[in-house]
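Colleague: I'm new to this one and would like a close look at a single part of it, plus whatever it leads to. Could you pick a spot and walk me outwards from there?

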Amino acid sequence: TVQPDFIPPPEGPNVRLPKSKTKTLKPDARQTLNFMIAKEGIRKKPYQDPSRKKSRKAIGPGLNYEQLPKKYQNIIKKATNDLTTDLPDEVGIKVLGNIISDNNKRLKELMKNSKVKFSDLTSAQKAAVASLTVQLGFDGYTKGFSDSFKALKAGDFEEAARQLLRNAADDGPSELLGDAELRTKEVAKMIRTGKFQKNYGT
């Protein structure tokens with residue numbers, strides 16, 4: 001049953017948010033935003049993220065509330081009267097877009113002296129990596145999945161994908177469960193092939 005406050009993911013990769021909602025974002029950030037909303041949908045009310053062993057509160061387009069930077073937590077609290085009312089879609093979209101933009105800048109800085117720089121990645125690889133920094137937290141991906149990130153910076157995309165999948169397994173060091181593990185396989189394939197997967201939004 002679809003919850004009344006839930007906007008389900010669009011069917012397939014060709015569905016995009018109107019540019020009016022993403023006009024302040026650079027193309028890479030806009031692509032990642034569309035990719036994430038296609039996978040996550042948007043929930044107006046807080047919910048317990050079912051994809052982790054340790055329960056975490058999420059809201060909007062898959063935002064893990066507890067690990068958001070304080071300034072974004074405050075924006076959401078203000079928009080929802082301290083999480084007691086619905087989160088307007090435009091607020092959730094704007095927060096996610098800003099986080100993606102922030103993380104892309106940090107990735108560019110962190111990879112500027114690497115064999116492969118962030119700008120060298122394909123659009124699909126950028127979206128894959130940026131989405132991981134949002135869903136796992138920036139340090140959660142770059143440090144928690146350090147073997148994968150190290151291989152990515154070295155241009156060994158096969159190994160980067162392999163290490164990502166190793167960490168995402170139920171018995172690995174990450175906390176991902178259920179369909180989050182399945183979605184991580186899609187992201188790993190994007191890193192390995194440099195291409196968006198068919199119907200990635202379903």
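Modeller: Let's start at Asp82, which has a relative accessible area of 49%. Exposed would need a value over 50%, so Asp82 counts as partly exposed. Keep in mind that this is a predicted model. You'll find Asp82 in the loop between H3 and H4. Its backbone deserves a look too: phi of Asp82 is near 60°, a positive value in a residue other than glycine. Leu83 is in the loop between H3 and H4 as well, and its phi is near 65°, again positive in a residue that isn't glycine.

Leu83 gives us a way onwards, as Tyr65 is in contact with it. Tyr65 sits in another loop, the one between strand S4 (63-64) and H3. Is Tyr65 buried or exposed? It is buried, because its relative accessible area is 10% and the cut-off for buried is under 20%. Setting aside neighbours within four places in sequence, Tyr65 also touches Lys57, Ala58, Gln73, Ile76 and Lys77. Take Ile76: it is 11 residues away from Tyr65 in sequence, and their C-alpha atoms are 8.8 Å apart in space.

Now try Gln73 from that list of partners. Gln73 belongs to helix H3, and it is buried, with a relative accessible area of 10%. Apart from neighbours within four places in sequence, Gln73 is in contact with Tyr65, Glu66, Gln67 and Leu68.

Ile76 takes us further in. In the largest nonpolar core, which has 46 residues, Ile76 is among those with the most contacts inside it, together with Leu63, Leu96, Tyr141, Leu152 and Ile191. Why would such residues gather like this? In soluble globular proteins, nonpolar side chains tend to be buried together. The elements that give two or more residues to this core are helix H2 (27-40), helix H3 (70-79), H4, H5, helix H6 (138-142), helix H7 (146-154), helix H8 (157-168) and helix H9 (178-193). Which of them gives the most? That's H4, with seven residues.

For a feel of how this core is knitted together, click on Leu152. Leaving out neighbours within four places in sequence, Leu152 is in contact with Met111, Val116, Leu121, Val129, Tyr141, Phe157, Ala160 and Ile191.

Val129 in that list brings us to a pair of helices, because Val129 is one of the H5 residues that meet H4. The axes of helix H4 (residues 89-110) and helix H5 (residues 123-135) come within 9 Å and cross at roughly 115°. H4 and H5 are therefore roughly perpendicular to each other, and their crossing is right-handed. On the H4 side you have Leu96, Ile99, Ile100, Asn103, Asn104 and Leu107, and facing them from H5 are Val129, Ala130, Thr133 and Val134. Sorted by class, this contact has seven nonpolar, three polar and no charged residues.

H5 also has H2 for a partner. The axes of H2 and H5 come within 9 Å and cross at roughly 65°, and this crossing is right-handed. H2 brings Asp28, Gln31, Thr32, Phe35, Met36 and Glu40 to the contact, while H5 brings Ser123, Lys126, Ala127, Ala130, Ser131, Val134 and Gln135. By class, that contact of H2 with H5 has five nonpolar, five polar and three charged residues.

Asp28 is a good place to pause. Asp28 is part of helix H2 and counts as partly exposed, at 24% relative accessibility. Neighbours within four places in sequence aside, Asp28 is in contact with Asn104 and Lys126. In sequence, Asp28 and Ala124 are 96 residues apart, yet from C-alpha to C-alpha they are 9.3 Å apart in space.

Finally, zoom out to the whole chain. Its secondary structure comes to nine helices and four strands, and from the N terminus on the elements run β-α-α-β-β-β-α-α-α-α-α-α-α. Of the 202 residues, 50% count as buried. Among contacts with a separation of 6 or more, 59% are between residues 24 or more positions apart.

Key:
Residues numbered from 1 in each chain as written. Predicted model: local features only at pLDDT ≥ 70, side-chain atom pairs only at ≥ 80, totals over all residues. Heavy atoms only, no water. Axes fitted to C-alpha atoms, helices over the stretch in contact; angles between N-to-C directions. Parallel < 35°, antiparallel > 145°, perpendicular 65-115°, else oblique. Left-handed = near helix turned anticlockwise from the far one by under 90°. Contact = heavy atoms within 4.5 Å. Nonpolar A, V, L, I, M, F, W, Y, C, P; charged D, E, K, R; others polar. Core = buried A, V, L, I, M, F, W, Y, C linked by side-chain atoms within 4.5 Å. Buried < 20%, exposed > 50% of the residue type's maximum accessible area, 1.4 Å probe, protein only.
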